[in-house]
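Visitor: I'm new to this structure, and I keep meeting labels I would like to understand. Could you show me how each one is earned?
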Amino acid sequence: GYLFCWKTRSIPKKHVPLCLIRAWRIGKNDDTAVLASQSVCHPEAAKGSLTQVLPSGWFLSPVKDASGNNVGVSVTYVVEHDLVYLRRLAPVLKDRSIVETMASSTERWFYKLAS
């Protein structure tokens with residue numbers, strides 16, 4: 001794995017120190033890959049990290065046709081959210097609505113990424 005320390009722009013015109021550690025693994029027998037990341041406290045982060053990125057990651061695996069030929073890649077994104085914090089941000093929403101809103105937001109982000 002390796003360590004990233006940089007300032008991200010989470011609020012317009014405001015830079016927020018952030019430090020992530022990333023790790024990955026590629027399967028030896030099944031051609032799957034995993035990439036995971038999470039915030040860490042590290043002295044290289046200017047003035048210390050002011051925000052936290054919860055664990056998240058990607059699972060990639062080949063998609064094969066009936067003959068066993070690779071025809072694509074299956075991509076799964078996994079992310080952890082702080083539900084208690086999200087409840088405080090949106091007190092009128094039920095948990096299911098919060099989850100659906102976060103999923104919809106993530107889907108839109110990936111759609112923009114792919115286009």
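Visitor: Where is Val73 found?
Guide: Val73 sits in strand 5, which covers residues 70-79. Keep in mind that this is a predicted model.

Visitor: Why is Val73 called exposed?
Guide: Exposed means over 50% relative accessible area. Val73 has 56% relative accessibility, so it counts as exposed.

Visitor: What makes Leu60, Val73 and Val75 a nonpolar patch?
Guide: In a patch of this kind, nonpolar side chains such as Val and Leu are joined within 5 Å, and each residue needs over 30% relative accessible area. Leu60, Val73 and Val75 form such a patch on the surface, and together they have about 240 Å² of accessible area.

Visitor: How many aromatic pairs does a search of the whole structure find?
Guide: The search finds 1 aromatic pair. Its partners are Trp58 and Tyr77.

Visitor: How do you know that Trp58 and Tyr77 form a pair, and why is it called tilted?
Guide: Rings pair if their centres lie within 6.5 Å, and here the distance is 4.9 Å centre to centre. Planes under 30 degrees apart count as stacked and those over 60 as edge-to-face; at 50 degrees between the planes, this pair falls in neither group and is therefore tilted.

Visitor: What does the pair tie together?
Guide: Trp58 belongs to strand 4 (residues 56-64) and Tyr77 to strand 5, so the pair ties together parts that are 19 residues apart in sequence.

Visitor: Why are Trp58 and Tyr77 called partly exposed?
Guide: That label lies between the cut-offs of 20% and 50%. Trp58 has a relative accessible area of 23%, so it is partly exposed. Tyr77 has 31%, so it is partly exposed as well.

Visitor: Which residues is Ala33 in contact with, leaving aside its neighbours within four places in sequence?
Guide: Ala33, which lies in strand 3 (residues 33-39), is in contact with Arg25, Ile26, Trp58, Phe59 and Leu60. Ala33 and Phe59 are 26 residues apart in sequence, yet 5.9 Å apart in space, C-alpha to C-alpha.

Visitor: Is Ala33 buried or partly exposed?
Guide: Buried means under 20%. Ala33 has a relative accessible area of 21%, so it is partly exposed.

Visitor: What makes Arg87 and Asp95 a salt bridge?
Guide: A side-chain nitrogen of Lys or Arg has to lie within 4 Å of a carboxyl oxygen of Asp or Glu. The closest N and O atoms of Arg87 and Asp95 are 2.6 Å apart, so the rule is met. Arg87 is partly exposed, with a relative accessible area of 36%, and Asp95 is partly exposed at 33%.

Visitor: How do you know that Arg96 forms a salt bridge with Glu100?
Guide: The closest N and O atoms are 3.0 Å apart, which is within 4 Å, so this pair qualifies too. The count comes to 2 salt bridges. Arg96 and Glu100 both lie in helix 2 (residues 95-114), 4 residues apart, about one turn of the helix.

Visitor: Why does Arg96 count as exposed, while Glu100 counts as partly exposed?
Guide: Arg96 has a relative accessible area of 65%, so it passes the 50% cut-off and is exposed. Glu100, at 41%, does not pass it and therefore counts as partly exposed.

Visitor: What pattern does the protein follow along the sequence?
Guide: The pattern is β-β-β-β-β-α-α, with 2 helices and 5 strands. Of its 115 residues, 13% count as buried.

How values were computed. Residues are numbered from 1 along each chain as its sequence is written. This is a predicted model: local features need pLDDT of at least 70, side-chain atom pairs count only at pLDDT 80 or more; totals for chains, interfaces and linings use all residues. Side-chain values use heavy atoms; hydrogens and water are left out. Patches are made of residues with over 30% relative accessible area and no salt bridge: like charges are joined within 9 Å, nonpolar side chains (Val, Leu, Ile, Met, Phe, Trp, Tyr) within 5 Å. Accessible areas come from the Shrake-Rupley method with a 1.4 Å probe; for residues, only the protein chains shown count as cover. Buried means under 20% relative accessible area, exposed over 50%, partly exposed in between (1.4 Å probe, protein chains only). Rings of Phe, Tyr and Trp (its six-membered ring) pair if their centres lie within 6.5 Å; planes under 30 degrees apart count as stacked, over 60 as edge-to-face and the rest as tilted. Contact means heavy atoms within 4.5 Å.
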